[in-house]
Amino acid sequence: MYADRVLSGMRPTGSLHLGHYHGVLKNWIKLQHEYECLFFVADWHALTTQYDNPRGIEEATWQMVIDWLAAGVDPSKATLFIQSQVIEHAELHLLLSMMTPLGWLERVPTYKDQQEKLTEKDLSTYGFLGYPLLQSADILIYRANQVPVGEDQVPHIEFSREIARRFNHLYGKEPGYEERAEAAVKKLGGKKSKLYQELRTRYQQAGDDAALDSARALLGETQNLSLGDKERLYGYLEGGGKMILTEPDALLTVASRMPGLDGQKMSKSYHNTISLREDPDQVGKKIRTMPTDPARGRRTDPGDPDKCPVWQLHEVYSGDDLRAWVRQGCTSAGIGCLECKQPVIEAMLKELAPIQERARAYTEEPDVVKNIIADGCEKARDLARETMRDVREAMGLNYG
Ligand code: TRP
Ligand code: SF4
C-alpha cells in the first residue's frame, strides 16, 4: 500500500505537440516501466478556466488520449482514465473543502498569477479558487506518493502535503490510538519491534530522516500486520495519528525543455509548435522557414549557433559529431542554414513516423480507445473507493 505509486494528470488540450512529448510524455513512458502509474485527463480542471465554453472538452480528451497512446503510453503498464468518470474525486474534494482554510488557497502562487494573466476571463469563481484542492483530491484519493510535475506545479504538491497532514491530524486519531499503536508494535515481533522503537525514537528525538525512511521500509516489508495496524504504525512514527492520506512528493525530472520554432519554449500560445500529427511536408516547411542567426544574412556570412533557434533543436536531436559539424560549419560559413536544418528535419520525421502510424490506427478504431479508458476508469474507481471507505470512516460518515 505504501509502495511507490505515480499519478499525473493533464488538462485536455486536444492533439498534442512535440513540447508535450519531450516535456511530459517521454517521462511518463519511462516511469510506466519503473512504477505503478496512473495517468488521467483532468477534464474538470479544464472547466475551472473554461466553464463558459465546455463543449470542446470531450473531443479534446479523446484526441489527447490518442496522442498519449500513439506516443507510447502503454495501457497494459499504466492506468489511463478520465477524472470526471471517477466521481469519487468530487466527494473527496468536497470533504476536504470543509477543513481547508481559505487563506491556504488564496496563497497558492498560481491563483493570483493566473487571474492576472487570464484577464479576458472572470476567474473570481469558487471553482477556480478551489482548483488546487481538486488537484489534491486527485492525488490523495490514490495515495500516490510520487507526482511528476513541472516546476510551476510544485506549490500544488506542497499544498497537497499540507492538506494530507491536516486531514490525518484532524481525523486520524481513533479512540485508544496510543494503546493500539503500542500493541501493533508488539505484533511486529521481538527484533523488529525493537528496531522499530529505536528508529522511531531516533526520528522523533533527533529528527533523523534516514531513521524515518528505514522504519517505513521495515513496515513496508512486514507481512504479518493487518492493514489497520500498518497504517497506525506509519502514523505513530511521526507522532500523529493513523495515516489515512499519504503525503505526496513532487517527482521533479530534469526538465527537457523543447524549444519551439522561434527558440522560445514550444507552446500553443506562442504559435511555434509542431504537432505530433503534423503532416511531414509541413514539418519540413516549418523547419526550413525557421529564423536563424540574423548575422547570417548571406550564405558567406559566418554565424553563431548560440544565437540560433535551430541550434537548440540540434541539442535535442543531434549527437556529438553532428553538433561539431554544425558549430564548425556555422562559425566558418562552411555550411548553409538549409543544409544545417536538414538533419533536424530528418530526425524529427523519424521520431514522428511511428507515433503518427499508431495515431492513425487508434483514430480508425475509436472503440479500442474507449475500451482502454473504460478499463482504466474502472481500475481507478476501485482504488478511489478503497480510500473513500477509510476517509468516510475516519470522518464518521460510514452509515452502513
Ligand atoms: N494541474 C495540472 C495542470 O494544470 C493537471 C493536474 C490536475 C494534475 N490534477 C493533477 C497533475 C494531479 C498532477 C497530479 O497541468
Ligand atoms: Fe543556425 Fe545552423 Fe544557420 Fe548556424 S548554420 S545560423 S546554427 S541554422
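Start with ligand 1: 13 residues surround it, and Arg11, Tyr131, Gln135, Asp138 and Gln153 come nearest. Keep in mind that this is a predicted model. There's also a ligand 2, and that one sits in the largest cavity. Here's a quick tour of both spots.

**Ligand 1: who touches what**
- Asp138 has a polar side-chain atom 2.8 Å from a nitrogen atom of ligand 1.
- For Gln135, an N or O atom in the side chain is 3.0 Å from a nitrogen atom of ligand 1.
- Gln153 does something along those lines too, with a side-chain N or O atom 3.1 Å from a nitrogen atom of the ligand.
- On its own, ligand 1 has 360 Å² of accessible area, and the protein covers 88% of that.

**Ligand 1: what the shell is made of**
- Sort the shell by class and you get six nonpolar, five polar and two charged residues.
- Both β1 (5-10) and α8 (131-140) chip in with at least two residues each.
- Which element gives the most to this shell? That's α8, with four residues.

**Ligand 2: the surroundings**
- Cysteines turn up in the group around ligand 2, namely Cys308, Cys330, Cys337 and Cys340.
- Thr292, Asp293, Arg296, Val310 and Val326 surround ligand 2 as well.
- By class, this shell splits into six nonpolar residues, one polar and two charged.
- Two helices, α16 (320-331) and α17 (337-364), each supply at least two of the shell residues.

Conventions:
Residues are numbered from 1 along each chain as its sequence is written. Chains are lettered from A and ligands numbered from 1 in the order in which they are written. This is a predicted model: local features need pLDDT of at least 70, side-chain atom pairs count only at pLDDT 80 or more; totals for chains, interfaces and linings use all residues. Side-chain values use heavy atoms; hydrogens and water are left out. A residue is near a molecule or strand if one of its heavy atoms lies within 4 Å of it. On a 1 Å grid over the protein atoms alone, a cavity is a set of points where a 1.4 Å probe fits but cannot get out, and a pocket is an open set with protein on both sides within 12 Å along at least five of seven lines; lining residues have an atom within 4 Å of a point. A molecule sits in a cavity or pocket if more than half of its atoms lie within 2 Å of its grid points. Ala, Val, Leu, Ile, Met, Phe, Trp, Tyr, Cys and Pro count as nonpolar, Asp, Glu, Lys and Arg as charged, and the others, Gly among them, as polar. A polar contact is a pair of N or O atoms within 3.5 Å; within protein, one must be able to donate a hydrogen and the other to accept it, and residues adjacent in sequence count only if both atoms are side-chain atoms. Accessible areas come from the Shrake-Rupley method with a 1.4 Å probe; for residues, only the protein chains shown count as cover.
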